Amino acid sequence: MDNQNLDELNTQVSDVADNTVPLFEDVAETIPKNALDYMSNLKRDCHTNLDPDNLVFAVGVEVFSARVKQGSELVTMPILKMLTADKETQVPIYVFAPEAGSNYRNLPNYIDHKVKVAVSSLRKINNQYIAEGSIRQAEYVIGKKLFDTFTKDPEKFKSEERFGTITQVIDTDAFGCVFFEYEGMQLGMLARNYYYQTWTTPLSTVAQIGYKIPFKIEDIQVTTYEEQEGVKRDIANHFPVPKGTMYKIMTTRLPFLPSPDTIVINLLKKNAEFKANIVGCHPVQGIFVEIAPGWVIKGFLNSRSPFKPSSEDAKQHTAVVVRLMKLDQATKTGKCLILRFPHGVAKTIDPHNH
């Protein structure tokens, strides 16, 4: 996932109207007459009672830029078009970037994904109406309900098992994160909370779109969009941003995974032989082997081994069979004996034949 390309889809707000960009009213679809009462009821109910039941599921279908009236001025901004998820009464709902909630910078992430939306306004155009929606308000409503439950009994709340469905996986050298749908909103989970990270297993191999995952909510914090560093930068750069109260929900999947520490200790107790991977090979410091997530220890070759691993083995994470000799739980270091290379060592390039 290339975040830079996604960000380029977000158009900077401009005080000068760009005539090459259409007016929102000229391109927006109106509410079908047979759905007007339905949408009016959603708008009224959400305004009078902030409850998740008064939100509507909608699916993103496209992102475009248009000129929107703000007071006496026209500004250009990205807009997400959504359709209500009920196939019998599919109605277009338009979400402006400032109303797109926590994912406002990456509106395309909502395309072909279903989340809950608040019907915030019905804009009248020539005796017809255009539905404007707010993911930000929906996130607030759902987040507030979770927060109220959390504050009543935090320990019980944090212990509960929940399930979400992955909608996006970001896996780069600098950053890893999983987004998933839960109760009509998109939540995020850092890679380090999704799985015990290893040198040999990228996030994208253990997290894929569509996976249903168990998770727990570790904490919920009440803050504002304006306090977030990313929002501050966007305000300084004149991007359209959401404002107001937001709920930061911290999630984890680790309680549902076996502990690497327990696995390693049991291997030592059993004097077991098992597969590991070379992750470092230095002419002076020696060979380093990853035996489990977070555990990188020194590897020693069997004196009868005909193999001579190289730096290429560290790059390719060559598989080895090892037996543990010594472990330090506090530092997650130790020593192991390299018994076999089940697939041999990595091939090195012969400079004379290259």
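In the predicted model, the exposed residues Asp-37 and Thr-48 lie on the face of helix H3 that is turned away from its buried side. The buried residues of H3 are Met-39, Leu-42 and Cys-46. These three cover an arc of only 55 degrees around the axis and therefore sit on the same side of H3. An α-helix has 3.6 residues a turn, so residues three or four places apart point the same way. Helix H3 comprises 13 residues, and the distance from its first C-alpha to its last is 18 Å, close to the 18 Å expected at 1.5 Å a residue. The cover over the buried residues of H3 includes strands S1, S2, S3, S4 and S5 together with helix H4.

The strands that contribute to this cover belong to a closed barrel of five strands, which runs in the order S1-S2-S3-S5-S4 with mixed pairing. From one strand to the next, the twist averages 35 degrees. Helix H3 (residues 36-48) packs on this sheet and touches S1 (56-70), S2 (73-84), S3, S4 (114-125) and S5, its direction making about 110 degrees with that of S4. Within the barrel, S3 (residues 92-96) and S5 (residues 128-134) run parallel and are joined by two bridges. Tyr-94 stands opposite Glu-132 of S5. Helix H4 (residues 135-152) lies across S2, S3, S4 and S5, and runs at about 130 degrees to S4.

A second part of the chain contains another closed barrel of five strands, also with mixed pairing, in the order S11-S12-S13-S15-S14. Neighbouring strands of this sheet are turned against each other by 50 degrees on average, direction ignored. Helix H9 packs on the sheet, where it touches S11, S12, S13 and S14, and its direction makes about 90 degrees with that of S14. The buried residues of H9 (residues 260-269) are Pro-260, Val-264, Ile-265 and Leu-267. Seen down the axis of H9, these buried residues fall within an arc of 160 degrees and so line one face of the helix. Their cover includes S11 (273-282), S12 (286-292), S13 (295-301) and S14 (319-328). Just after H9, Asn-271 adopts a positive phi of about 55 degrees.

Strand S15 (residues 333-340) pairs with S13 in the parallel sense over four bridges. Among the residues involved, Phe-300 has Leu-337 of S15 as its bridge partner, and Leu-301 is matched in S15 by Ile-338. The pairing of S15 with S14 is antiparallel and extends over seven bridges; here Lys-326 has Lys-335 of S15 as its bridge partner. Strands S14 and S15 form a hairpin with four residues between them, and Lys-332 in the turn has a positive phi of about 55 degrees. Strands of a sheet pair through backbone hydrogen bonds, either parallel or antiparallel.

As for confidence, the protein averages a pLDDT of 90, and 93% of the residues score at least 70. Over residues 1-17, the pLDDT is below 50, and this stretch has 43 contacts in the model beyond near neighbours in sequence. Where pLDDT is low, the predicted coordinates should not be read in detail.

Terms used:
Residues numbered from 1 in each chain as written. Predicted model: local features only at pLDDT ≥ 70, side-chain atom pairs only at ≥ 80, totals over all residues. Heavy atoms only, no water. Pairing = 2+ DSSP bridges. Axes fitted to C-alpha atoms, helices over the stretch in contact; angles between N-to-C directions. Contact = heavy atoms within 4.5 Å. Expected span 1.5 Å × (residues − 1). Buried < 20%, exposed > 50% of the residue type's maximum accessible area, 1.4 Å probe, protein only. Arc of directions from axis to C-beta. pLDDT = per-residue confidence, 0-100.
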